[in-house]
Amino acid sequence: MTGLQAIAELFAGPGARDYLGEPVTIGRHMRQAGALAEAAGAEGSLVAAALLHDIGHLRQPAGGSGGSSPQAMPSRGGLGGSSPQASTADSRHGDAGADWLSQWFGEAVTEPVRLHVAAKRYLCATEPGYFGRLSEESVRTLALQGGPMTAGEAAAFEALPFARDAVAVRRWDDQAKDPAVTPPEFAHFEPLLRTLIRS
Ligand code: FE
């Protein structure tokens, strides 16, 4: 299976079915984020990062270790959301997604994906009013992800090469939860992804 096929399957399967405590499916949320990046005139690699930022969540049910056990299933839709499994899964989904994507994509795609959770903690610490605009679910997971950054953490984050791109992804992520918006289908993004995937 090619990388593009593997990604398409995640959008078609768990992406079309699973929720993360928001009013849209994870796949719809991700496609909305990609479309927002595109509409903002972002570079292709950043559009791809926005589109793929939560791929780590879609990978969790299959797990890669034959994980069909109930314990391998992260809580979705808000029930049981305070279990330790959920907190671990949530804070790791950026890393897990970036590591998986690195089979096919360069850092301009993977690092904003990796850092988009940190970017939320960064914005909570540095941008007045940002916290107040977060969705209820984002506020809940913020605590599980370590809360707002300290001043030292924020300075270290800013020094990372893809910090700005991660913040951009984060802002599209935050906006991409609108059930009234119908984003483009995954196929719309396939030509772009093809140009970015290493052969
Ligand atoms: Fe997201």
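Hi everyone, let me start with one residue: Ser138 is buried, with a relative accessible area of 4%. Keep in mind that we are looking at a predicted model. In this model, Ser138 sits in helix 9, which covers residues 136-144.

What does Ser138 touch, leaving aside residues up to four places away in sequence? The list is Glu22, Lys120, Arg170 and Lys177. There is also a nice long-range pairing here: Leu20 is 118 residues from Ser138 in sequence, yet their C-alpha atoms are 9.7 Å apart in space.

Now let's step back to the whole chain. How many helices and strands does the protein have? There are 12 helices and 0 strands, so if you read along the sequence you simply get α-α-α-α-α-α-α-α-α-α-α-α. The protein has 199 residues, and 50% of them count as buried. If we take the contacts with a separation of 6 or more, 74% of them come from residues 24 or more positions apart.

Helix 4, residues 44-52, is worth a stop. Here 8 of its 9 residues are buried, so helix 4 is largely enclosed by the rest of the structure. The buried ones are Ser45, Leu46, Val47, Ala48, Ala49, Ala50, Leu51 and Leu52.

Next, a pair of helices. Two packed helices are described by the angle between their axes and by the distance between those axes. For helix 7 (residues 107-126) and helix 11 (residues 163-175), the axes come within 7 Å and cross at roughly 75°. Angles of 65 to 115 degrees count as roughly perpendicular, and helix 7 and helix 11 are therefore roughly perpendicular to each other. Who meets whom? From helix 7 we have Pro112, Leu115, His116, Val117, Ala119, Lys120, Tyr122 and Leu123; facing them from helix 11 are Ala163, Asp165, Ala166, Val167, Val169, Arg170, Arg171 and Asp173. By type, the residues of this contact divide into 10 nonpolar, 1 polar and 5 charged. You may recognise Lys120 and Arg170, since both also touch Ser138.

Asp173 brings us to the metal. Which residues coordinate the iron ion? They are His29 and His53, each through NE2, plus Asp54 and Asp173, each through OD, at 2.2 to 2.3 Å. Along the sequence, these donor residues follow the spacing H-x23-H-D-x118-D. Two of the donors, His53 and Asp54, are buried. As for geometry, the angles among the 4 donor atoms run from 78 to 169°, and the site is irregular.

That's my tour, thanks for listening!

Conventions
Residues are numbered from 1 along each chain as its sequence is written. This is a predicted model: local features need pLDDT of at least 70, side-chain atom pairs count only at pLDDT 80 or more; totals for chains, interfaces and linings use all residues. Side-chain values use heavy atoms; hydrogens and water are left out. Donors are N, O and S atoms within 2.8 Å of the metal (3.2 Å for Na, K and Ca); water is not among the atoms, so sites may look incomplete. Four donors count as tetrahedral if all angles lie between 85 and 135 degrees; four count as square planar and six as octahedral if opposite donors are over 155 degrees apart and all others between 65 and 115; anything else is irregular. Buried means under 20% relative accessible area, exposed over 50%, partly exposed in between (1.4 Å probe, protein chains only). Axes are lines fitted to C-alpha atoms, for helices over the stretch in contact, and angles run from 0 to 180 degrees between N-to-C directions. Helices (H or I, at least four residues) and strands (E, at least two) are DSSP runs, numbered from the N terminus. Angles under 35 degrees count as roughly parallel, over 145 as roughly antiparallel, 65 to 115 as roughly perpendicular and the rest as oblique. Contact means heavy atoms within 4.5 Å. Ala, Val, Leu, Ile, Met, Phe, Trp, Tyr, Cys and Pro count as nonpolar, Asp, Glu, Lys and Arg as charged, and the others, Gly among them, as polar.
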